[in-house]
Amino acid sequence: MSEVSALAQRIDALLPQTQCTKCGYAGCRPYADAIASGQASYNQCPPGGAEGVARLAKLLDRPIIALNPDNGAERPRPRAVIDESLCIGCTLCLQACPVDAIVGAAKLMHTVIEDRCTGCDLCVPPCPVDCIDMVPVTGERTGWDAWSQTQADDARSHFEVNQARLAKDRAAREARLAARAARVAPAAPGTPAAPASGQDVSPGAQTGDVAPAPSPVADEAAAAAARKQAIIQAALARAREKKAALAAEGLAPKNTTHVSAAVQAQIDEAEARRKRLGLSADDDAAPSGADSAPQKV
């Protein structure tokens, strides 16, 4: 192990392991690597707060400096809470959670495993119906006063399991795509195409284009897709109505602003998913009123 890698490992051991990306990196270990290599400062971790900066300063033999406000502010630790009446079961928050603290299935209500949630906020931006709120759960305690070393160690373990599962899923998906590409690869030049089943290949057979017969399977698939689209649109409509009612009562869910590049990438991916589902930007836009301007939590 190189000297830089050894230092990065010691730095990582002092980070809270919330994997929130507020430091500007994809997780706690990448941030530790950046500090060890001199590419990042040691005051970019809001969950660690002032105590976290002091711990890193001592390790690095550097002066204690203030937390960089560009990365966020020290605050009581929050926990994600999903409004079950608004959740449409889109699974986007499940995919965003770095520690698998959210459970659920497509088209079914999701819920948060309270003891596992690190309060990273990453599940909030991808939600198309804004049904997730970050609720403080540590009173006035902030930073390391609101987070223990045991919780940090558990969060690291959960994150490592999450990353291993995602890597396995990616490998399986790439294998399926490679197998599919091999099946549909074009024949070598000069190889005649095989005749279709039942096709007349006699010398006198006509070679004009013949319209293919309608496929019952294709018709059924199109009907199923239309039904799925109708269900999604109806769920979004119900969620918008409930959001409007909450906004009128001043109870609109809060969202986050000034997200990191990693979180913005998740938002962009969510937008791409909605486009593939045929949803316009207006389908997910918040109604005018109290919840039209996102608030930082």
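The following exercises, each with a worked solution, concern a predicted model of a protein.

**Exercise 1. Overall architecture**

Determine how many helices and strands the protein has, and in what pattern they follow one another along the sequence.

Solution. Step 1: the secondary structure amounts to eight helices and four strands. Step 2: read along the sequence, these elements give the pattern α-α-α-β-α-β-β-β-α-α-α-α. Step 3: for the surface, the protein exposes about 17400 Å², and carbon and sulfur atoms supply 56% of that area. Step 4: of the 297 residues, 34% are buried. Step 5: among contacts with a separation of 6 or more, 69% join residues 24 or more positions apart.

**Exercise 2. Helix 5**

Compare the span of helix 5 with the expected span, and state which of its residues are buried.

Solution. Step 1: helix 5 covers residues 149-183, which is 35 residues. Step 2: from its first C-alpha to its last, helix 5 reaches 51 Å, close to the 51 Å expected at 1.5 Å a residue. Step 3: the buried residues of helix 5 are Ala 152, Ala 155, Arg 156, Phe 159 and Asn 162. Step 4: an α-helix has 3.6 residues a turn, so residues three or four places apart point the same way. Step 5: the cover over the buried residues of helix 5 includes helix 1 (3-14).

**Exercise 3. Helix 2 and the loop that follows**

Identify the buried residues of helix 2 and what covers them; then establish whether Asn 43 is buried or exposed.

Solution. Step 1: in helix 2 (residues 28-36), Cys 28, Tyr 31, Ala 32, Ala 34, Ile 35 and Ala 36 are buried. Step 2: their cover includes helix 1 and helix 3 (49-60). Step 3: after helix 2 comes Gly 38, with a positive phi near 80 degrees. Step 4: Asn 43 belongs to the loop between helix 2 and helix 3. Step 5: the relative accessibility of Asn 43 is 9%, so this residue counts as buried, the cut-off being under 20%. Step 6: beyond its neighbours within four places in sequence, Asn 43 is in contact with Tyr 31, Val 53, Ile 65, Ala 66, Leu 67, Asn 68 and Asn 71. Step 7: a polar atom of the Asn 43 side chain lies 2.9 Å from the backbone oxygen of Ala 66. Step 8: Asn 43 and Ala 57 are 14 residues apart along the chain, and their C-alpha atoms are separated by 8.8 Å.

**Exercise 4. Nonpolar cores**

Find which residues of the largest nonpolar core touch the most other members, and which element gives the largest share.

Solution. Step 1: the largest nonpolar core has 23 residues, of which Ala 80, Ile 82, Ile 102, Cys 123, Cys 131 and Ile 132 touch the most other members. Step 2: two or more residues of this core come from each of strand 1 (78-82), strand 4 (132-136) and helix 6 (216-248). Step 3: helix 6 gives the largest share, four residues. Step 4: another core of 18 residues lies apart from it, including Ile 11, Ala 36, Cys 45 and Leu 60.

**Exercise 5. Val 112 and Asp 121**

Locate Val 112 and Asp 121, and describe the surroundings of each.

Solution. Step 1: Val 112 is placed in strand 3 (residues 111-112). Step 2: Val 112 counts as buried because its relative accessibility is 13%. Step 3: apart from neighbours within four places in sequence, Val 112 is in contact with Ala 80, Ile 82, Ala 101, Ile 102 and Cys 117. Step 4: Val 112 and Asp 100 are twelve residues apart in sequence, with a C-alpha to C-alpha separation of 9.1 Å. Step 5: Asp 121 is in the loop between strand 3 and strand 4. Step 6: at 7% relative accessibility, Asp 121 is also buried. Step 7: the side chains of Asp 121 and Arg 75 are joined by a polar contact of 2.7 Å.

**Exercise 6. Cysteines**

State how many disulfides a search of the whole structure finds, and explain why Cys 93 has no bond to Cys 90.

Solution. Step 1: the search finds zero disulfides. Step 2: Cys 23 is in no disulfide, and the nearest cysteine sulfur, that of Cys 20, is 6.2 Å away. Step 3: Cys 23 is buried, with a relative accessible area of 9%. Step 4: the closest cysteine sulfur to that of Cys 93 is in Cys 90, and the distance of 6.0 Å is too far for a bond, the cut-off being within 2.5 Å. Step 5: Cys 93 is buried as well, at a relative accessible area of 6%.

Note on methods: Residues are numbered from 1 along each chain as its sequence is written. This is a predicted model: local features need pLDDT of at least 70, side-chain atom pairs count only at pLDDT 80 or more; totals for chains, interfaces and linings use all residues. Side-chain values use heavy atoms; hydrogens and water are left out. The expected span of a helix is 1.5 Å times one less than its number of residues. Buried means under 20% relative accessible area, exposed over 50%, partly exposed in between (1.4 Å probe, protein chains only). Contact means heavy atoms within 4.5 Å. A nonpolar core is a set of buried Ala, Val, Leu, Ile, Met, Phe, Trp, Tyr and Cys residues joined through side-chain atoms within 4.5 Å. Accessible areas come from the Shrake-Rupley method with a 1.4 Å probe; for residues, only the protein chains shown count as cover. A polar contact is a pair of N or O atoms within 3.5 Å; within protein, one must be able to donate a hydrogen and the other to accept it, and residues adjacent in sequence count only if both atoms are side-chain atoms.
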